[in-house]
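This report goes through selected local features of one protein chain, beginning with a single residue and moving outward to strands, charged pairs, backbone geometry and a pocket.

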Amino acid sequence: MLDLVTLVLAATLAVPGPAAEPVSANVPSAASVKKAEKAPEKLPIETFSTLPFIEMARLSPDGTHIAGLFAVGNEQQIVISPLGFDAGKVKTVGIPDGTEINSIRWVNDDNILVGIIGLAQVQTDQWYITRMIAINRKTGNLTKLLWREAAQNAADVLWMATDGSPDILVAVQESIYSSDDAFWPTVYRLDVETGKKRVETKGKQYVMDWGADQSGKVRIGVGYNDRNQQSRLLYAQENSRSFRIVDRANLGEEEDLNLPFMFIPGTDNALVIKGNAQGKTAVIERNLLTDLDIRTVYEAQDDDVEGVVLSYDGSKLLGIRLGGKGKGVDWLDPDLKKAQEYLDQAAPMAEVRIQSLSHDQSKMLVHIGTSDNPGLIYYFDAKEQALEKFAAVNQAIEGRRLARAKYVQYKARDGLEIEGVLTLPRGREAKNLPLVVMPHGGPWAHDSLTYDYWAQFLADRGYAVLQPNFRGSTGYGDNFLKMGQGQLGFAMQDDLTDGIKWAVGENIADPARVCIVGASYGGYAAMWGIAKDPDLYRCAIAISGVSALRKEVNDFGGSIRENLYKGHWIKMTPDFNAVSPLYAVDRIKAPLLLIHGVKDVTVDHRQSVLMHKAMLKAGKSSEFVSLEKADHYFSRGADRLTLLQSMEAFLAKHNPAD
């Protein structure tokens with residue numbers, strides 16, 4: 001069976017040859033690759049703008065249905081379907097206008113719960129609001145849960161029943177005024193089918209977050225005061241409704257509460273993720289009353305624990321999500337470990353990730369992909385060891401192999417080693433290529449060897465694409481992350497410049513043909529790049545970018561942790577205005593393209609409006625593509641197409657690849 005599967009996957013993915021290995025600057029460079037006789041024809045732009053067939057794919061508890069965000073008519077919609085796509089049983093619901101979906105989960109075999117985030121006008125400010133809807137797979141009925149009672153936040157789900165009933169525990173704010181008792185979230189037991197509710201735990205002053213054990217009993221509350229940024233952990237024993245303070249932390253000083261994610265029945269012990277003696281995060285069993293560690297459940301010598309995977313009922317630790325770049329899940333459950341090993345052997349030249357599990361963990365949705373292919377989704381029956389293709393993520397690409405990507409390393413000017421992802425165009429000698437440097441968003445994020453449709457599109461058009469994981473990126477440990485503090489607009493930006501110098505020194509890039517492209521924080525870096533280093537770039541494209549840091553930092557959508565979040569940004573740079581592109585327009589020489597969606601709820605559309613006006617007022621070259629229906633992630637196919645068309649035309653004009 002294994003050999004047959006291997007052959008099927010190899011043929012489908014079309015990924016012969018060894019997996020990409022990290023490449024160092026001191027080994028033979030990509031410039032030594034032999035020149036191909038003829039470059040392949042460019043793919044249609046629609047190949048790259050096509051929406052993923054499905055995102056947020058979730059398998060029903062019984063393993064017979066799938067829910068997720070499906071591409072329907074070139075737009076994303078919430079879909080519930082049998083695995084066989086019986087047309088008469090497929091239920092489709094549109095995404096509420098002006099919102100984004102941030103979670104989809106099954107409550108039981110008949111109902112899904114969808115978390116929604118959006119912006120709402122509250123007096124003179126724009127506030128983030130959260131809501132929930134439930135959708136029944138049999139009837140297709142949509143139920144707005146607690147929308148009438150809800151104030152700002154009404155989607156904090158603590159627990160879901162595992163006995164087949166439609167009950168959940170959810171914490172809900174019912175006032176926007178902190179002087180009201182209803183401002184502090186109350187926990188309700190809620191029937192997602194009928195909307196009927198009853199109070200489980202009343203709100204307490206300063207407690208904004210609650211947590212429940214696997215039986216559905218509220219066991220912890222997290223208090224926070226934004227005036228002094230002090231947080232405290234409230235704990236109730238198994239058979240008690242009385243809460244006591246068991247832990248305190250100053251979040252402004254980067255202290256952490258020891259928050260339990262799983263309780264040990266019959267004890268005051270719980271599992272937490274916390275730092276160990278080696279400076280890494282680990283899973284620790286801890287007594288919440290004595291504040292003492294009992295034992296180390298899991299630790300990795302060279303990696304941080306980023307998260308965990310629990311069983312359907314929350315009573316068992318199945319796996320550990322590791323924080324290193326390109327790392328997946330280290331399965332502790334022997335059956336899941338065996339399943340992962342089987343799948344890895346079946347597709348040895350691809351990355352295999354188990355995305356969703358049935359309640360008994362015997363059935364699963366599996367994504368198999370590479371950096372040069374968006375991949376395929378399979379349905380895997382572990383008991384039968386039967387692997388069945390469910391869908392291609394991008395049906396226009398299917399199993400076609402695109403441009404290869406690899407890790408590269410280079411030294412920053414202060415000696416710090418920076419790693420990045422380099423994607424090279426197919427069929428062209430890797431020598432003196434036009435270069436697009438593409439910093440990631442966040443900035444607390446990182447790029448890895450996974451499919452990136454922007455990078456692949458640019459490589460298909462003949463550009464080398466460098467995605468540096470500059471200091472302050474995640475995936476390289478806490479020390480590397482904190483190296484970004486005080487360096488936003490300074491060393492973080494220099495790391496991009498030093499990546500360009502490395503690519504030029506390796507003869508990969510033509511120094512006279514370099515542009516910078518980025519989105520969100522990457523959009524900021526694109527604008528700041530042409531201000532800080534005006535002679536380095538021929539052009540810049542800023543997508544959903546931040547032009548005025550102080551405005552962005554002062555707009556946290558009514559968050560109760562507004563001062564804390566401001567403090568995080570203040571630690572990143574000593575003077576917002578000094579490193580804001582909006583106030584450095586006079587230094588810019590290169591032409592700028594701004595692209596922004598009006599319905600972006602992550603970065604205010606006005607950030608691009610203000611930058612465009614300032615550029616034109618200063619007599620600078622600026623183009624602005626404002627998309628009326630686009631969100632932060634360009635989740636409509638039409639918006640992705642306009643995005644790529646605009647990028648292609650602008651680059652062809654100011655930095656042609658041919």
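Val 93 is buried, with a relative accessible area of 11%, and its place is in strand E5. The model is a predicted one, and the statements below should be read with that in mind.

**Val 93 and strand E5**

Leaving aside residues up to four places away in sequence, Val 93 touches Gln 77, Ile 78, Ile 135 and Leu 142. One of these contacts, Ile 135, is 42 residues apart from Val 93 in sequence, while the C-alpha atoms of the two are 8.4 Å apart in space. Strand E5 covers residues 91–94 and has two faces, a covered one with Lys 91 and Val 93, and an uncovered one with Thr 92 and Gly 94. Because buried means under 20% relative accessible area, the 11% of Val 93 places this residue in the buried class.

Strand E5 runs antiparallel to strand E4 (residues 75–82), and four bridges join the two. Within this pairing, Thr 92 in E5 is the bridge partner of Val 79.

**A second antiparallel pair**

Strand E18 (residues 260–263) and strand E19 (residues 269–275) also pair in the antiparallel sense, here over three bridges. Phe 263 stands opposite Ala 270 in E19. Five residues lie between the strands of this hairpin, and Gly 266 takes a positive phi near 80° there.

**Salt bridges**

Side chains of opposite charge can pair when their charged atoms come close. A search of the whole structure finds 32 salt bridges, and the table gives some of them with the distance between N and O atoms.

| Basic residue | Acidic residue | N to O distance |
|---|---|---|
| Arg 198 | Glu 200 | 3.4 Å |
| Arg 401 | Asp 372 | 3.0 Å |
| Arg 461 | Asp 460 | 2.5 Å |

How do the partners in these pairs stand with respect to solvent accessibility? In the first row, Arg 198 counts as partly exposed at 48% relative accessibility, whereas Glu 200 is buried, with a relative accessible area of 13%. For the second row, the salt bridge between Arg 401 and Asp 372 links two loops: Arg 401 lies in the loop between strand E28 (386–392) and strand E29 (405–411), and Asp 372 in the loop between strand E26 (363–370) and strand E27 (373–381), so the pair ties together parts that are 29 residues apart in sequence. Arg 401 is partly exposed, with a relative accessible area of 21%, while Asp 372 is buried, with a value of 2%. In the third row, Arg 461 and Asp 460 are both buried. Beyond such pairs, Lys 274, Arg 286, Asp 291 and Asp 293 are joined into one network by salt bridges that share partners.

**Backbone geometry in loops**

Asn 74 has a positive phi of about 70°, although this residue is not a glycine. Asn 74 lies in the loop between strand E3 (65–72) and E4, and is partly exposed, with a relative accessible area of 42%. Leu 146, likewise not a glycine, has a positive phi of about 65°, and its place is in the loop between strand E9 (142–145) and E10. Leu 146 is buried, with a relative accessible area of 6%.

The peptide bond from Gly 442 to Pro 443 is cis, with omega near 10°. Pro 443 has its place in the loop between strand E31 (433–437) and helix H4 (453–460).

**The second largest pocket**

Rolling a probe the size of a water molecule over the atoms shows where empty space is left. The second largest pocket holds about 1,600 Å³ of space. Which residues lie nearest the centre of this pocket? They are Arg 105, Met 160, Leu 310, Ser 311 and Tyr 312, out of 47 residues that line the pocket. Strand E10 (residues 156–160) gives the most to this lining, with five residues. By residue class, the lining of the second largest pocket divides into 27 nonpolar, twelve polar and eight charged residues.

Key. Residues are numbered from 1 along each chain as its sequence is written. Side-chain values use heavy atoms; hydrogens and water are left out. Two strands pair if DSSP finds at least two bridges between them. Buried means under 20% relative accessible area, exposed over 50%, partly exposed in between (1.4 Å probe, protein chains only). On a 1 Å grid over the protein atoms alone, a cavity is a set of points where a 1.4 Å probe fits but cannot get out, and a pocket is an open set with protein on both sides within 12 Å along at least five of seven lines; lining residues have an atom within 4 Å of a point. Grid points are joined across faces, edges and corners, and a volume is the space filled by probe spheres set on the points. Ala, Val, Leu, Ile, Met, Phe, Trp, Tyr, Cys and Pro count as nonpolar, Asp, Glu, Lys and Arg as charged, and the others, Gly among them, as polar. A salt bridge is a side-chain nitrogen of Lys or Arg within 4 Å of a carboxyl oxygen of Asp or Glu. Contact means heavy atoms within 4.5 Å.
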